[in-house]
Amino acid sequence: MNDNCASPGLISVDDAITRILDAATPLQSVETVNIESALGRVLAEDITSSINVPGYDNSAMDGYVVNSKDCQQRGMTLAVSQRIPAGTTGDPLEAGTAARIFTGAPVPENANAVVMQELCEQQGNNVVINTIVKAGENVRRAGEDIARDAVVLDSGTRLRPQDMGLLASVGVAQVNVYRKLKVATFFTGDEIVEPGNELASGQIYNSNQYTLAGLLQSVGCDVVNYGIVPDTLDNTLAVMSEATSNADLVLTSGGVSVGEEDYVRIALEQLGQLNMWRIAMKPGKPVAFGQIGDCLFMGLPGNPVSVFVTFLIFARPLILKLQGANRFLADLLTIRSDFSWKKVKREEYLRVKIKQAAEGPVAELYPHQGSGVLSSASWADGLVVVEIDTQVKKGDLLPYIPFQGLF
């Protein structure tokens, strides 16, 4: 994504993202949750450790714990004075002896190294150490992972499974997180019907509702769905007014273009303010963003791939910022193209799958890139970005947004 000149009357993708994020004020309401229920929630406080992790010097493996001074020649024979399993504390090590020790067990006083059992030979009550031992070998020091009073997770962190484990490792059972964002959705188009019903001539199933439901669930929103709204201005005004009074954000699909039956943008302008509309991108040029009272509004296009792409590029970072997250933009990597593509006048987001080639990983293009071909999004591993006035040749390096980590 870049700031190349957009087509006349259109704003660039980067400009659109900036406008959207500038309008987002993070939530202030906080609630306390148990860590097992914290996946995907955003921390409302720094988490500081009250302990060292590990809390004591301990063995990194099964073997024999010694004082390295007693093992400065190979083949030293030491009496085995004690056995220290994990979960027990041994006695101070007697000079000239070794202790059998197991992974995670505390290193006793007077000992400073652990010899892996593969380098030792048990002979009755003695052990032969078949290596020269250095102080500190195979010992995990107290606080080596986390030091007492260290900040382990920053406010604004969106919690992942490994973060939940990290919280538990420092004894934290509950955390303060920002409340979930309440998002209202509705869908326009007299041609759409719910799955499970028979299709009449000219009708299609409402796939956008379920794409958005999954995307919103993936970023931890509470969703209120107002369903399919008939294509009239009065109906659109009524639902939009109710939805914006009951949510932090309203997200719709359809009705934001320039057709005679497109009422969403018109209703937004009548009830509130339209801050931006047409974007120099493909798919997804008509994206209406504005505000009604205290509620933000984003109207996505009606084509299924356009909904998917514009949600990832615009709605997802908006939602994450509103939720208080300190990282909200998608990771932008690079990938070598396995295809050619004509020079473009709008920034294009192409669905690709990553495959291995002789020169390394390359992006394979889905053969049908139309905005109505939802199968392309299901097939793909991510999106490559073709910037304005760029012509792609096979082998070129392109910006790449992987789906992994987005939901």
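Q: Across which strands does helix α6 lie?
A: Helix α6 covers residues 304–322 and lies across β17, β20 and β21. Its direction runs at about 165 degrees to β21. Keep in mind that this is a predicted model.

Q: What is the strand order in the open sheet of six strands?
A: Read the order from one edge to the other: β16-β13-β17-β21-β20-β18. The pairing is mixed. β16 (222–229) and β18 (273–278) are the edge strands; each has a single partner strand, so one side of each is left without a neighbour in the sheet. From one strand to the next, the twist averages 15 degrees.

Q: Which strands does helix α5 touch as it packs on the sheet?
A: Helix α5, residues 264–271, touches β13, β17 (249–253), β18, β20 (286–292) and β21 (295–300). Compare directions next. Helix α5 makes an angle of about 25 degrees with β20.

Q: In which sense do β13 and β16 pair, parallel or antiparallel?
A: Parallel, over six bridges. β13 spans residues 182–188. To check the register, look at residues that stand opposite each other. K182 faces D222 in β16. A184 faces V224 in β16.

Q: How many bridges join β13 to β17?
A: Five, and these two strands run parallel. Here F186 stands opposite T252 in β17.

Q: Is β13 mostly covered or mostly open?
A: Mostly covered. Six of the seven residues of β13 are buried. The cut-off for buried is under 20% relative accessible area.

Q: How do I read empty space in a model?
A: Rolling a probe the size of a water molecule over the atoms shows where empty space is left. Now apply that here. The structure holds one cavity of 30 Å³ or more. The largest cavity has about 50 Å³ of space.

Q: Which residues line the largest cavity?
A: Take the lining in sequence order: G40, R41, V42, Y178, R179, K180, L181, V219, G220 and Q323. By class, that lining has four nonpolar, three polar and three charged residues.

Q: How much space lies in the largest pocket?
A: About 620 Å³. The lining has 24 residues, and the closest to the centre of the pocket are R158, R160, R316, R327 and G405. Next, trace the lining back to the helices. α2 (161–169) and α6 each supply at least two of the lining residues. The classes are 11 nonpolar, seven polar and six charged.

Q: How much space lies in the second largest pocket?
A: About 450 Å³. Of the 32 lining residues, G254, G255, P301, G302 and N303 are the closest to its centre.

Q: Which elements each supply at least two residues of the lining of the second largest pocket?
A: β13, β15 (204–205), α3 (207–218) and α6. You met α6 earlier, lying across β17, β20 and β21. By class, the lining of this second pocket has nine nonpolar, 16 polar and seven charged residues.

Q: What should I expect of phi and of peptide bonds?
A: Most residues other than glycine have a negative phi, and most peptide bonds are trans. Look for the exceptions. Start with the peptide bonds. A cis peptide bond joins V53 and P54, with omega about -5 degrees. P54 is in the loop between β2 (47–48) and β3 (58–59).

Q: What is the form of the peptide bond from K282 to P283, cis or trans?
A: Cis, with omega near -5 degrees. P283 sits in the loop between β19 (281–282) and β20.

Q: Is phi of N110 positive or negative?
A: Positive, near 75 degrees, in a residue other than glycine. N110 lies in the loop between β6 (97–101) and β7 (113–116). N110 has a relative accessible area of 48%, so it counts as partly exposed.

Q: What is phi of D389?
A: Near 65 degrees, again a positive value in a residue other than glycine. Its loop runs between β25 (382–386) and β26 (397–402).

Q: Why does D389 count as partly exposed?
A: Because its relative accessibility is 41%. The partly exposed class lies between buried, under 20%, and exposed, over 50%.

Notes
Residues are numbered from 1 along each chain as its sequence is written. This is a predicted model: local features need pLDDT of at least 70, side-chain atom pairs count only at pLDDT 80 or more; totals for chains, interfaces and linings use all residues. Side-chain values use heavy atoms; hydrogens and water are left out. On a 1 Å grid over the protein atoms alone, a cavity is a set of points where a 1.4 Å probe fits but cannot get out, and a pocket is an open set with protein on both sides within 12 Å along at least five of seven lines; lining residues have an atom within 4 Å of a point. Grid points are joined across faces, edges and corners, and a volume is the space filled by probe spheres set on the points. Ala, Val, Leu, Ile, Met, Phe, Trp, Tyr, Cys and Pro count as nonpolar, Asp, Glu, Lys and Arg as charged, and the others, Gly among them, as polar. Two strands pair if DSSP finds at least two bridges between them. Helices (H or I, at least four residues) and strands (E, at least two) are DSSP runs, numbered from the N terminus. Axes are lines fitted to C-alpha atoms, for helices over the stretch in contact, and angles run from 0 to 180 degrees between N-to-C directions. Contact means heavy atoms within 4.5 Å. Buried means under 20% relative accessible area, exposed over 50%, partly exposed in between (1.4 Å probe, protein chains only).
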